Amino acid sequence: MTKSPTITFPDMTRRGLGALPWIAAAGVLAYAFFVGGYLTTVMSFALIYVVFVTGLNVFMGYAGQVSFGHNAFAALSGYTSAYLTTSHGFAPLPAFGAGLALALSCALIVGYPTLRLKGHYLAMATLAIGLIVYEVAVEWTSVTQGYMGISGIPPIGIAGYEITSERGQLAFLTVIVALATLVSWRIRESRFGRALSAVAGSEDAARALGISASRYKLSAFLASAAFAALAGSLFVHVVGFVSPEVYGLHMVVLAFTMLYVGGIGTIAGPFVGAVIISLLPEMFRQFKDYQDLAYGAALILLLIYAPRGLSTISSLFRRAAAKKAVVS
Amino acid sequence: MSLLELQNVTQRFGGLVAVDDVSATIAQGGVTAVIGPNGAGKTTLFNAISGFRTPSAGRVVFGGVDITGMAPERIAAIGLVRTFQLVQLFGELTAMENVKVGCHLHTRGDLLAAILRSPATRRSERQVEDDARKLLDFVGLTDVADVAASSLPYGQQRLLEIARALAAQPKLLLLDEPAAGLNSGETARLSATIREIAARGTTVLLIEHDMKLVMSTADRVIVLDFGRKIAEGTPDEVRDNPAVIAAYLGMPEGAA
Amino acid sequence: MDLSYLPQIALSGIGIGCIYGLIGIGFCVIYNASGIVNFAQGAFVMLGGMITHTMLHRYGVPMIASAAIAIAAVSLAGIVIERVVVRPLWNRNATMFVMILATLAAQIVIERSTLIVAGDQPRTLPAFTDLPPMMLGGLAVSYQFLWIVAASLATVAALALFFKTTLVGKAMRACAINREAAALQGIPVSRMLALSFALSAALGAIAGILITPTQYTAFNVGVPFAINGFIAAIVGGFGRPLGAFVGGIMLGLAQAIAIVVFGAGFKNVAALSVLLLFLFVRPSGIFGSAK
Ligand SMILES: Nc1ncnc2c1ncn2[C@@H]1O[C@H](COP(=O)(O)OP(=O)(O)OP(=O)(O)O)[C@@H](O)[C@H]1O
Ligand SMILES: [Mg+2]
């Protein structure tokens, strides 16, 4: 038995460092709110992506699964919102309700057979689901208007009050993101979250302890699909327009880049990653053409050299401390 | 009363019969060891019992319930929990969190409970925390509670896996070579820990190669060779059994 | 729907199916050597067509030489991807998912670089034999179709010969059967990895060069080709090169039929549905998977 002293020194530093990415990202958000203008729009996009990536993080970061197809659920809900509000006079909230229901039903139907797959089969099946929804959005012109897209979608509003100002929208999205992050945090710190981590760590060991791996994978899939659906609907109301490209493959790659920059499996990761990745192209406006190229290259470099992302600086400390404790 | 009953359990892999018509009865209480040379079919038998592989033939009855071919998680839910020959920890989680996962079966609440986090949920979380701490204490891992499981030395990983299995409060605990990779001091401690587990009312079935551990820990011993049960009895009886000696010396049975 | 078009469309289905088959074989070659699924496979197809076009039109190199240069250049690109992206991850024991994501990112990097260098206009290549299609019964058979089928079959045959008779080919097959055992036998497994990338890049380039005269190529054609190639590989039982080729032809035919029945717009949905169907019901493909 190794006797080790309890770790005291890095605790404070660790907390401080752990809060750093949060503070920086929240600072940018506050700045955008007061400055207004174009930065507000950029941050609104970022916050919508935070919701999407937070969902992806539950499924991939917590439960250790793989999905290249969550854009499908964003598209299903987003198009439902757009269609019902523009063609049938629905208010945004009930339209979103319908979109969410559709996205979750589809997630349930495809989730069951899909989640039995592993490795590249799982990756490819989810990719196919995303692509099928994309193709249908392009081809089903009577509802989606194909490449032209649907425009004139009303802004978010509840009971007659519409949020039309950019600042108002940013404030609203901030509340949504705060709630989404809270949910993500509570999931992490719960029996449910532990079961997901167990499935991620070893399905066999989880099952030997009475955790039904298939059931928890499906639950995580549905939860993350709900986040994706929310993001999809928020997008159409904030922008007022939707086309298939909004939910194309680039949405998936962008979300992955955010997730890896922020730190997969961490609570702050989606927020930090989405803010950084949304700001980058604004800082290098003259390199607009190189944007996707830069994302791709950044993602490769991250995967190789920093697979745990930026918001894990603190846990690197923890690991180092833990190693020391074990050795001593 | 018998807790586990194996009736003619057989497992084939193509032409190979890894477990061959094994019948046995494990009584409630005490420690039973399954021994046998490498490749004798011990782990395969454990897989058949714990639901990780449906036996080709035969039945497994646990606490009066036929569990043959039942899913592992359902078998665990009725009180049969196993560990693995190659340690299967949740490496990213701390030792503490690993044991908390073990508490899954006797706590409640899923996604909704996690989001709402009601006072009842909080209370149950505190209970889990307490239980987990006690179990870490029991196996002597209190000091490394907050260390990631993957950075623990091998011997501690083995103990952690046992603590995690105990957190599920099993009636029957299956341990697959718990002493593999332990030094002699650690093995002696492990022997005491296993006796203590049995003393607290959990029946233990363990696979082990370390004869000293078997002799000092087990009440009964079952011997497998080439998938067949060749002997069963107390450690002393088995040690003197000519068929067992032959199997371990690698001679054909008749020649002994 | 008009069924009289069916044979004609089926014919073009077989043509494009050969292309899918070649791409599918590319997936298998890398997978067998390393267990990696290379999602940048489509980039090779796109680069094959684009580089040939550039050689031909910008530098006036004769067609056959342009094609040869393109195949060589794309093989080199395959080795570069292996060195820069795959090898570092491989050395770090990256998970299958990370590997897939990284190769997908590589696909995007290549795609976007091509966009910056070559612009977004679609280009096409002249048909290899500039003659009007032959009429066989009521069927119009274009010379490019014949080129596609003949060149694909020749490529598959050459590949089979390579694996059967050459030392390197045999070594690669040994890796496919058991990497650890192959390493113990002294086969340089990591060099086989680089070689498999070069080989499968060459296959992709050949596919791209063959198909471009019948349609067009542009910076963004890679992903759809890669997906169809992957489907071909799944249908044929992942890891079986010949199965992938047959799978490709079956996929081409299925798409052709879908075009007749549902209209051209839904051919991708049809292909993707075939994929899901196989993944859900028979993930080992029609011939059973290689491992
Ligand atoms: N999934 C499988 N497929 C095919 N053969 C298997 C499989 N699992 C085990 N075997 C074979 O069954 C036999 C019994 O293996 P098993 O692992 O049960 O032995 P064991 O007694 O646990 O040995 P050890 O002491 O080495 O752990 C061996 O010959 C093994 O190769
Ligand atoms: Mg064993």
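Helices, taken as DSSP runs of H or I with at least four residues, and strands, taken as DSSP runs of E with at least two, are numbered here from the N terminus. On this basis, chain C of the predicted model comprises 11 helices and two strands, and its elements follow the order α-α-α-α-β-β-α-α-α-α-α-α-α from the N terminus on. The radius of gyration of chain C is 19 Å, close to the 19 Å that the globule rule gives for 291 residues, so chain C is as compact as a globular protein of that length. The C-alpha trace of this chain extends over about 60 × 50 × 35 Å along its principal axes.

Of the 291 residues in chain C, 52% are buried, and among the contacts in this chain with a separation of 6 or more, 77% are made by residues 24 or more positions apart. The area that chain C exposes amounts to about 12,000 Å², of which carbon and sulfur atoms supply 69%. Its charged side chains comprise 15 positive and 6 negative ones, with a distance of 14 Å between the centres of the two sets.

Within chain C, Q144(C) lies in helix 5, which covers residues 143–165. This glutamine has a relative accessible area of 5% and is therefore buried, the cut-off for burial being under 20%. When residues up to four places away in sequence are not counted, Q144(C) touches A127(C), F128(C), L210(C), P213(C) and T214(C).

Chain B contains 10 helices and 10 strands. A compact globule of 256 residues would have a radius of gyration near 18 Å, and the 19 Å of chain B agrees with this; the box filled by its C-alpha atoms, taken along the principal axes, is roughly 70 × 40 × 35 Å. Buried residues account for 53% of the 256 residues in chain B, while residues 24 or more positions apart provide 68% of its contacts with a separation of 6 or more. Chain B exposes about 10,700 Å², and carbon and sulfur atoms supply 52% of this area. In chain B, 25 positive and 29 negative side chains are present, and the centres of these two sets are 5 Å apart.

A residue of chain B that can be placed in some detail is F13(B), which is found in strand 1, residues 2–13. With a relative accessible area of 34%, F13(B) is partly exposed, because this value falls between the limits of 20% for buried and 50% for exposed residues. Leaving aside neighbours within four places in sequence, F13(B) is in contact with A18(B), T44(B) and R53(B). The C-alpha atom of F13(B) is separated by 9.0 Å from that of S56(B), although their positions lie 43 residues apart along the chain as a sequence separation.

In chain A, helix 7 spans residues 166–188 and has 23 residues, and the distance from its first C-alpha to its last is 32 Å, close to the 33 Å expected at 1.5 Å a residue. The buried residues of helix 7 in chain A are Q169(A), L170(A), F172(A), L173(A), I176(A), V177(A), A180(A), T181(A), S184(A), R186(A) and I187(A). An α-helix has 3.6 residues a turn, so residues three or four places apart point the same way.

As regards the assembly, two pairs of chains are in contact, and of these chains A and B share the most contacts. Chain B and chain C, by contrast, do not touch, and a distance of 15 Å separates their nearest C-alpha atoms.

Note on methods:
Residues numbered from 1 in each chain as written. Chains lettered and ligands numbered in written order. Predicted model: local features only at pLDDT ≥ 70, side-chain atom pairs only at ≥ 80, totals over all residues. Heavy atoms only, no water. Rg over C-alpha atoms; globule rule 2.2 N^0.38 Å. Buried < 20%, exposed > 50% of the residue type's maximum accessible area, 1.4 Å probe, protein only. Contact = heavy atoms within 4.5 Å. Areas by Shrake-Rupley, 256 points an atom, 1.4 Å probe, with all protein chains shown as cover. Lys, Arg positive; Asp, Glu negative; His and termini not counted. Charge placed at Lys NZ, Arg CZ, Asp CG, Glu CD. Expected span 1.5 Å × (residues − 1).
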